[in-house]
Amino acid sequence: MIIESPIVLHGSIAVLSAGQQLALANDGGLKHVADVPIEVSEIRFAFTPSRATTVFNMGLFVDLGIGGYPITDGMVSLPLICPPKDSQDEVGPDSVVRHTLKLDEPMLVLPNETLRCSFWNNGAAVGADTLGVSAQMVGRRLPPGAPRPKRRVLPWFSDYVGAQQFGAVTIATQSNDVDLRNPTDQPLFVDKILARLGYNSSGAAAAAGADLYSNAKTASDLTLAMSGVTVRMADSFGNPVIRDKTPFAMAFPWQERSWRVRTWMPPRGYFIAYIEGSNTSGTVQPFIGLAGRQVVSV
Amino acid sequence: MAVSAETLPLVMTSPAASLAYTGAAGFSGTGLPLDANKLSNVFKRPIEIREIRFAVVTPLSTLTADMWFGGVIQAILEIAGHSVTQDYVPVGVLGSPQQPVTEAVSDAANVGTTPSIANYFRWVLPKPVVLPPETGVRGNIRLDAMNMLSNGKNGNMTTAFTAAVTTTVVGRYLDRGFKLPRTQAIPYATAWVGNRDGTRSQQLNLTNPFEMPLQVEKFVGRANEIVSATSMIDGAHLVGNITMRGASGCDIVGVPTPFDRVFDYQTRSLRVPHTLPRKGVSHQVFLRDVQDNYLWPIVSMIGYREVAV
């Protein structure tokens, strides 16, 4: 009888200071050294501040890759690609920020491959504060003798982080053809369009502020998501995806922070998002992303 | 990849319609039409509708606590010329809330410092509906004050306010060569809004008005509760006991049972797929042991019928 075994690989700690980009020091923790492939279903991240202070969730970015293939389109917003079931759990009572990237299809990791992780603290911790970072891959070992596939499916994430809008301004910003894209020569299956709205009522940089979707507690925040900020979207052929101006939280459902679309994007295809609206106070920053799957050779 | 491919997604939005509540007795707002042009299939290919969403925002500085608009914001809808609702149906009972707590996206502790409260409702249709070119979603939205001024236990809802309602239709494009089906499942929603004077639903409330069988998917049960002059919530947990009699004459709920146990409190629904075979066949809801008259229970029946197209 073949018994499949779960597996958790734990990556070592990196320390991020404000504004810093840093690769996780791979001491072998995220290198799969066994002689059978594993299927990874989740990648988890945790950020521990150097003191009990606020970690500004929307200031966290990540760049991931496996086996020489990128999983993310450079640095992408980590809260964006990890839509939570309950956002209140994102920042725990111990000030530790935890994100879980649940993959729509398990990712095959071959022996001796390493999950490449780089992080960017874009105002997530301010001043002299630093963040300790760790990552885990969670999955299962394939049974000995399992056939080695010729191709495998890897996740793909790209994002558009709009300009920060300060104070009482009219918002008019848009992504371009290098943001929400399929940069490969193969069709990309798109599972979800992801979205969050960074907001900081104090007027400081939104990236260093709370995510409106997670912290929609003041009335003005709600107006912003439900009517103040609107989105339109089209594909690379000009087909309307979101035909007319639609409140941000209406296009991207409030609870899921994502819209499950299950569609194909052609090679070199892209979406263009148009963000419009008005802000009265504080700082607003829209985040939109793609969660898809790419097929690569082994 | 073991996935089924679908074509390009699509969102169509009718801009915010501003509805007003005057705070006057006997008020029932006039319906405003949805923007038919914005909700039309102008793409020269079929599209498919899967979901209808409603967002409600009110800019009112005098509201000091939660507001649940699911009972008083009501919609009358048709898709591709077919009726989807029987008269106006409260938007809060069209679909089950994904997460009831976050449906009302306001937070009582923080509302009031800045004027705005928002609600968000989703109706995932029982089955997707194909919209041929040149057809669309039509309808009206209204704010029905129902019994907000009916000597509620906790006071009347006397505060005048406006509510902006945005309606969004979510679906996807179909291939240009997509062959239209001979029949398709057109959704249908009908509702009974109870009140202190009538403690049972009437024959026309939860009925099949069509010549063909109506496939019932579920009942949704919620309640509009006046909390104070400036707030109202979903008070399904406060309704008290009900019984329900089925169209066949048999009891659906024979023993007086708490409202929030009949309609599962997480989903606010009673999912019991069955068929109402012909026109005029209806279910009835009876309120028992109702605690007071500041609650207005609402029970909807959601389903679909096969229509030749």
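In which strand of chain B is Ser300(B) found? Ser300(B) belongs to strand β19 of chain B, which covers residues 295-308. Keep in mind as you look around that this is a predicted model. The notes below start with the surroundings of Ser300(B) and then turn to strand β20 of chain A, which spans residues 270-279.

**Ser300(B) and its surroundings**

- Ser300(B) counts as buried because its relative accessibility is 0%, and the cut-off for buried is under 20%.
- A polar atom of the Ser300(B) side chain lies 2.7 Å from the backbone oxygen of Val93(B).
- Val93(B) is also among the residues in contact with Ser300(B), once neighbours within four places in sequence are left aside.
- The other residues on that contact list are Thr190(B), Ala191(B), Leu206(B), Lys218(B), Phe219(B) and Val220(B).

**Strand β20 of chain A and its partners**

- Strand β13 of chain A (residues 169-174) runs antiparallel to β20(A), and six bridges join them.
- Within β20(A), Ile275(A) is the residue that stands opposite Thr173(A).
- Strand β14 of chain A, residues 180-181, pairs with β20(A) over two bridges, again in the antiparallel sense.
- Leu180(A) has Phe271(A) of β20(A) opposite it.
- Seven bridges link β20(A) to strand β17 of chain A (residues 229-235), and these two strands run antiparallel.
- Asp235(A) has Phe271(A) as its bridge partner in β20(A), so if you click on Phe271(A), look for Leu180(A) opposite it as well.

Definitions and conventions
Residues numbered from 1 in each chain as written. Chains lettered and ligands numbered in written order. Predicted model: local features only at pLDDT ≥ 70, side-chain atom pairs only at ≥ 80, totals over all residues. Heavy atoms only, no water. Pairing = 2+ DSSP bridges. Helix = DSSP H or I, 4+ residues; strand = E, 2+ residues; numbered from the N terminus. Buried < 20%, exposed > 50% of the residue type's maximum accessible area, 1.4 Å probe, protein only. Polar contact = N/O pair within 3.5 Å; in protein donor to acceptor, adjacent residues only side chain to side chain. Contact = heavy atoms within 4.5 Å.
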